[in-house]
Amino acid sequence: MYTGIPRWVAAIAAVGALFVLLPLAAMLGRVNWQQFIPLITSESSLTALGLSLRTAAASTVLCVLFGVPLALVLARGDFPGQRLLRSLVLLPLVLPPVVGGIALLYAFGRQGLLGQTLEIAGLRIAFTTTAVILAQTFVALPFLVVSLEGALRSAGSRYEAVAATLGARPTTVLRRVTLPLVLPGLASGAVLSFARSLGEFGATLTFAGSLQGVTRTLPLEIYLQRETDADAAVALSLLLVVVAVVVVGLSYRGPAPAGSGGRPAHSGVPERVPA
Amino acid sequence: MRPGIRAAAVLVAAAVATGLTACAAPAADAGKTLTVFAAASLKAPFTALAEELEARNPGTRIMFSFAGSSDLATQISQGAPADVFASADAKNMAKLGDAGLVEGSPRDFATNVLTIAVPPGNPASVASFADLAQPGVKTVICAAQVPCGAATKRVERETGTTLTPVSEESSVTDVLGKVVSGEADAGLVYVTDVLAAGNKVQEVPFPESAQAVNTYPIAAVRTGKNKDLAAAFIEAVTGPDGQRLLRGAGFGTP
């Protein structure tokens, strides 16, 4: 493998890395260590952390459920408007989350497009945990779609074509060939979605509100604590950083960079193509 | 905020961020620019006052940063370049005072009280403060950590009413937003918020609000560069022009 990186590139990379790490280090310097454990184990903190983990897990499930078909359609399909569909699906990546929150409000809110229908069906979304999960799914879905679509494209469709010529039905090809091939890409996409859901703030604040145990996730708790108790806000921020690092670190082992669409190093190419 | 002021604020922010303030603004010009950090609720009357002052004193520019008082106090204590600080409560002014950043003693210039905002048509038929505690009424309030939430807690204590809100927001604007969008049946906001929202919400006044009056103090910042202009601005706010504009926006006399 070629490793000849010019020195000046390495120097600029160091500045870039420092830019990301310095604020985190500065935050570490402000942590009140004597009070750290009591601060992060207070009732409101634990409630917020629990809610964050539960909602982020639920959002990740929804992202996989809807994101995998979307990525397949975008990577393998060939239809008019495909590029437009891709741009629209990826829109939440570039939208300010607060805009996402306003949009969700007008779709699922009480006075929204579907609000009346949902209310008749007995479904209340406003100010519930469901609203938090919807907001998180909205902002996190593109991360899964981008990762998986990249993995699908770089994996190519040769094995799928062979399987099809050997008589496998499309669903069989998907289950036995395509998904095993892109499993690492799917996993990193799911982790990214989880991490994004965990950090979701703007859309939740706008769309779901903020109530302890119901809608006040860890980022919202941090935002509120900051008003009166800077120590608590810093301690909780560190907690969120640690949770994010653990989640991302656990799943990003190996050289396969997520989202870049690079072919996974250990992609487990099926040895036998099932007929 | 007027586009000019906003553009200038952005430029200054960019200049500060890149450490180019000294190059961007000649010393002579800096003497005529005042930077005011003010509570978000003061946006309309303060912007109008600044326009009057700028028209009367050509060459003078007044720039604003409107945000939550606690955010502003934190920013100033972290070195943000403010000449004047106008807070929505005494607590955040005291925070700055404790940090030794207040010049002289703060002057109270306005008061604000809570009121009930409901969506047009008042769908949940809210008529009193006690109605907010009715089951089925979706009430949104400020969290106890922010000034409007502290005032709400005070009213709850005084009236012996316990609210069970569907959401405790971290700013009064978020409470108003939930009422304007019709998500909430009622929200506890300031009188001035209802006035500024126009016909997007209806007001249900309640007499118990008199038990929680928020007083707004204003003071010059010790680290400010422009002491004379800061004093003149505070004079204008506490003087007839400022008071007339504040009354018009719904603020009371301290």
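The following exchange walks through a predicted model of chains A and B.

Biologist: Which element gives the largest share of the side of chain B that touches chain A?

Modeller: The contact is built from 17 residues of chain B together with 15 residues of chain A. On the side of chain B, the elements that supply two or more residues are α8 (172-180) and β6 (167-169). The largest share there amounts to three residues, and the element that provides them is β6(B).

Biologist: How many residues on that side of chain B are nonpolar, polar and charged?

Modeller: The side of chain B that touches chain A takes in 17 residues from that chain. By residue class, these divide into six charged, six polar and five nonpolar.

Biologist: How far apart are the end C-alpha atoms of helix α4 of chain A?

Modeller: Helix α4(A) covers residues 82-94, and because each residue of its 13 is taken to add 1.5 Å, with the count reduced by one, the expected span is 18 Å. The helix also bends by about 30° at L88(A), with the proline P92(A) following within four residues. The distance between its end C-alpha atoms agrees with the expected span, at 19 Å.

Biologist: Is F127(A), which has a positive phi although it is not a glycine, buried or exposed?

Modeller: F127(A) lies in the loop between α6 (115-120) and α7 (129-155) of chain A, and its phi is about 65°. A residue counts as buried when 20 or more other C-beta atoms lie within 10 Å of its own. Because F127(A) has 24 C-beta neighbours inside 10 Å, it is buried.

Notes
Residues numbered from 1 in each chain as written. Chains lettered and ligands numbered in written order. Predicted model: local features only at pLDDT ≥ 70, side-chain atom pairs only at ≥ 80, totals over all residues. Contact = placed C-beta atoms within 7 Å. Nonpolar A, V, L, I, M, F, W, Y, C, P; charged D, E, K, R; others polar. Bend = angle between axes of the 7 residues up to and from the residue. Buried ≥ 20, exposed ≤ 12 C-beta atoms within 10 Å, placed from the backbone.
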